[in-house]
Amino acid sequence: MNIIHVNSVIQSYDIIIGNKIRHLVGKYLPKSYSAILIITDSNVANLYVEDIVHGCNVQDVFVEVVSPGEQAKNINTYYNLQSKAIEYQLDRKSLIIALGGGVIGDLAGFVAATFMRGIDYVQIPTTILAHDSSVGGKVAINHESGKNLIGSFYPPVLVFYDTDMLKTLPEREIRSGYAELIKEAMLADSELLERLWNVSLPEVHMEETTYFLERGISIKADIVEQDERESGKRMFLNLGHTLGHALETKLGYGVITHGEAVAIGLLFALFVSNRELKADLPIHALKTWLIKNRYPLVLSLEMIDDLVKIMKYDKKTIYKQIQMVLLQGISAPVIHMIDDSKLKKYLTAFVMEEMKEGI
Ligand code: ADP
Ligand code: ZN
């Protein structure tokens, strides 16, 4: 078992990572609670909720199950969960547990952030991807005009990661999580990146995944500690995400996973960095790795106009200039403004040169 401590301005917390530790969650809660509400989705509930309930060591434990997928992050589900919290008589000394992937973490975290002006919550991530979203305190639900438009910065009191739960993940969820690990390695650790190139999904060993998760979480925690509210350094975590988010929006959520979209965004970030900044980034190694691991490289020329429009309205766009995170080298990210016409030119060249299977 490993513990990574995160110093947050709002409140500091531990991330505990271990194998088969889910039965022990009660032991690691930072204080005692009047009641616990576990929020999870139906897939995760079937597999793991009983273990967590038994591990809580509190008399009043309630469970609310929502349907799986991004769709659950809506205002109605949010409101229903608030109603349940009131019905179960949760008070300011109660706890919410988010048991699931990124969707559940965001949703349950936002319920906790706003119930009675904020009660404690614990993240129990069950996907590889959620190593990223469970650290840093961003919580949100979606508005029909965009993802995560209603939200807050509200850190958990504990992140409790049982890697044994990852063994039931579908293959595309493993791919999704690994793209975010590649991103973290590119931002801060070239050795980690070299190790990641050797990974073949989905057979990768759980001990290896645990190692990557610990490194990825440390990198993320380090950046978040330096800039919790995303005024500077935290922006770097958007590497691959400007295009990634636009692709998710364009294709419709669920067509490809978040990480699969980010993977294409990362390849594009390397492509642009090599041209704009005359960098020498391993675009060939990344492309080879993505193809080997069956990431869908689905960007096509017809999509470009729409993608650029979506990128312009991204919540991270400032004064309508598109901001991209580029790399001067591995571990050397920079923020770069880029205008639409240049972006279109790069996207066109990128599709022609990189979005085909030939290497
Ligand atoms: P993320 O945003 O982290 O990818 P989601 O909350 O969108 O996570 O979950 C992705 C999908 O994987 C959902 O259908 C969810 O029910 C399912 N899932 C989450 N954790 C597990 C797990 N440990 N085993 C099997 N399926 C899981
Ligand atoms: Zn991401």
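At 46% relative accessibility, Arg294 counts as partly exposed, and this residue makes a convenient entry point into the predicted model described here. Arg294 sits in the loop between α11 (283-292) and α12 (304-312). Its phi is near 60°, a positive value in a residue other than glycine. Most residues other than glycine have a negative phi, and most peptide bonds are trans.

A second backbone feature of this kind is found at Gln89, which has a positive phi of about 60° although it is not a glycine. The loop that holds Gln89 runs between α3 (75-87) and β5 (95-100). Gln89 counts as exposed because its relative accessibility is 68%, and the cut-off for that class is over 50%. Arg294, at 46%, is instead partly exposed.

The backbone also contains a cis peptide bond, from Leu201 to Pro202, with omega near 5°. Pro202 belongs to the loop between α7 (190-197) and α8 (206-226).

Attention now turns to the ligand. Ligand 1 is surrounded by 18 residues, of which the closest are Asp41, Thr126, Thr127, Met165 and Thr168. Two of these closest residues, Thr126 and Thr127, also place polar side-chain atoms beside the ligand: an N or O atom in the side chain of Thr126 is 2.7 Å from a nitrogen atom of ligand 1, while a polar side-chain atom of Thr127 lies 2.6 Å from an oxygen atom of ligand 1. Asn43 contributes another such pair, with a polar side-chain atom 2.8 Å from an oxygen atom of the ligand. On its own, ligand 1 has 570 Å² of accessible area, and the protein covers 87% of it.

Two elements, α2 (42-55) and α4 (102-114), give two or more residues to the shell around ligand 1. The largest share, 4 residues, comes from α2. By residue class, the shell divides into 10 nonpolar, 6 polar and 2 charged residues.

Beyond the ligand site, the interior of the protein can be described through its largest nonpolar core, which has 79 residues. Within this core, the residues with the most contacts are Tyr178, Met186, Phe268 and Leu299. Helix α10 (residues 258-276) supplies the largest share of the core, 11 residues. Both domains take part: at least three core residues come from each of domain 1 (2-168) and domain 2 (171-354).

Conventions:
Residues numbered from 1 in each chain as written. Chains lettered and ligands numbered in written order. Predicted model: local features only at pLDDT ≥ 70, side-chain atom pairs only at ≥ 80, totals over all residues. Heavy atoms only, no water. Near = heavy atom within 4 Å. Polar contact = N/O pair within 3.5 Å; in protein donor to acceptor, adjacent residues only side chain to side chain. Areas by Shrake-Rupley, 256 points an atom, 1.4 Å probe, with all protein chains shown as cover. Nonpolar A, V, L, I, M, F, W, Y, C, P; charged D, E, K, R; others polar. Core = buried A, V, L, I, M, F, W, Y, C linked by side-chain atoms within 4.5 Å. Buried < 20%, exposed > 50% of the residue type's maximum accessible area, 1.4 Å probe, protein only. Domains from an automatic or database assignment.
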